[in-house]
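Colleague: Walk me through this model. I want each label justified by its cut-off.

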Amino acid sequence: MPLPAPIVVFDDGIESLGVLADLRPIFGVRTGAMTFEERLVAHFGASAIAAWWVPEAKRSLCAEIAAVPVSDAGALPADVLVVNGRCVLPPPGLHSLAAGDAIVDPVSGAVVAGRLTGDAARALLQAGSMPAGTRTISPAEPVRMITDPWDVIRHRDAALAWDLDRFVQRAQWGPPGGVVRVGTHAVECAPTVTVFPGAVLDSTAGPIVIDDHAVLRSNCVVCGPAYIGKGSTVLEGAVVRSNCAIGPVCKVNGEVSGIIMQGHANKAHDGYAGDTWMGAWVNLGAGTITSNLLNTYGEIVAQASPSAKRQKTGLTFFGSIIGDHVKTAIGTRLMTGSVIGTGAMVAMSAHAPTAIGRFAWLTDAGERSYRAEKFLEVMHAVMGRRKIEPGAAYIATIRALISSGAM
């Protein structure tokens, strides 16, 4: 069924999500095999998205990567569906929204989606307030939205199930030769996947999708539900347990369970990572371990940043949220419910603090700030190894984040 109007997906700029969205719009955060924007495209088609709308501080950054206009009031259609980018799954009821209707989350009061005129959409997106005359309606079913960083773990399983279902329906590749296959759920591997002898794909608990040009090295084990992204490598002897979503061009080794990797990240050595989100360009040193369960089996309490209040997460299993460009030294220990800010470097013999600010440099000698020029030198070296050159807006955003200090 076609949509009644084109979509403008918007980032409403909640500050507590900085560790997830410092270097991307919130709808570009990988919450399963896909980001929210990718789900909109998968569900409605690329042509359904007319524009992005982001906070002014992210406008140049997003314009470098967007294929549509960004925060351009003149590009808003006369009849438009505005959709909150903090949603995890496409909101139900978009097809049936009448002109002037807006779905509002009854818990948070946030606008989930609305069908508005261009002028009304402009008022909402620029001022953040509901235009006069808009009829608010409650969602037909509870809406999954990201409000705190750990919500990517809370909604992971539902998001990954949605994604894998779309992949299985669309791809129909079938399992590759040369693997040991266990279980009856679907196993879909792109024809370009490279499989070494002894790889095991266990779909007992859910489907497995291995995307283009991924590599499964000898004696690795992948347990569904799971997604291995384009160009990613599961190294020799790795154990990828259920509910993992590995983004593009990542390396995985050791034991992982319930992790999401945004993309271009490395966990290439032994060590356990569970119920953890890793941003882009993260590198975990050999033996880095994340705890994801309290000894008491109780509810995990966490801080979104060093300056934020500690909050109950409602989660029993929650490892770490690791921001983009974070590096850990060998043997690093990350405690349950840790949130590590963008660009931090952790090299401590004791366990790391559970809330670490942006561009913090932590050693046994104490904490200092990563120098901007040194950070950029390392960043260029790391990205250059993947033949990626950061854009001018990306570099400017990094400089602004370093200047602003810890969260």
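Modeller: Six strands form an open parallel sheet, ordered β7-β10-β13-β16-β19-β22. Strands here are DSSP E runs of at least two residues, helices H or I runs of at least four, numbered from the N terminus. The model is predicted: local features need pLDDT of at least 70, side-chain atom pairs 80 or more, while totals for chains, interfaces and linings use all residues. Residues are numbered from 1 along each chain, and side-chain values use heavy atoms, without hydrogens or water.

Colleague: What makes β7 and β22 edge strands?

Modeller: Each pairs on one side only.

Colleague: How do you know that β16 pairs with β19?

Modeller: Pairing takes at least two DSSP bridges between two strands. Two bridges join β16 (residues 239–240) to β19 (residues 255–257), so they pair. Val240 stands opposite Val256 in β19.

Colleague: Why is the contact between Arg115 and Asp79 called a salt bridge?

Modeller: The term needs a side-chain nitrogen of Lys or Arg within 4 Å of a carboxyl oxygen of Asp or Glu. The closest N and O atoms are 2.8 Å apart, so the pair qualifies. Arg115 lies in β5 and Asp79 in β3, 36 residues apart.

Colleague: Why is Arg115 called buried, and Asp79 partly exposed?

Modeller: Buried means under 20% relative accessible area, exposed over 50%, partly exposed in between (1.4 Å probe, protein chains only). Arg115 has 17%, so it is buried. Asp79 has 27%, so it is partly exposed.

Colleague: What makes the span of α6 agree with expectation?

Modeller: Expected span is 1.5 Å times one less than the number of residues. For the 16 residues of α6 that gives 22 Å, and the end C-alpha atoms are 22 Å apart, so the two agree.
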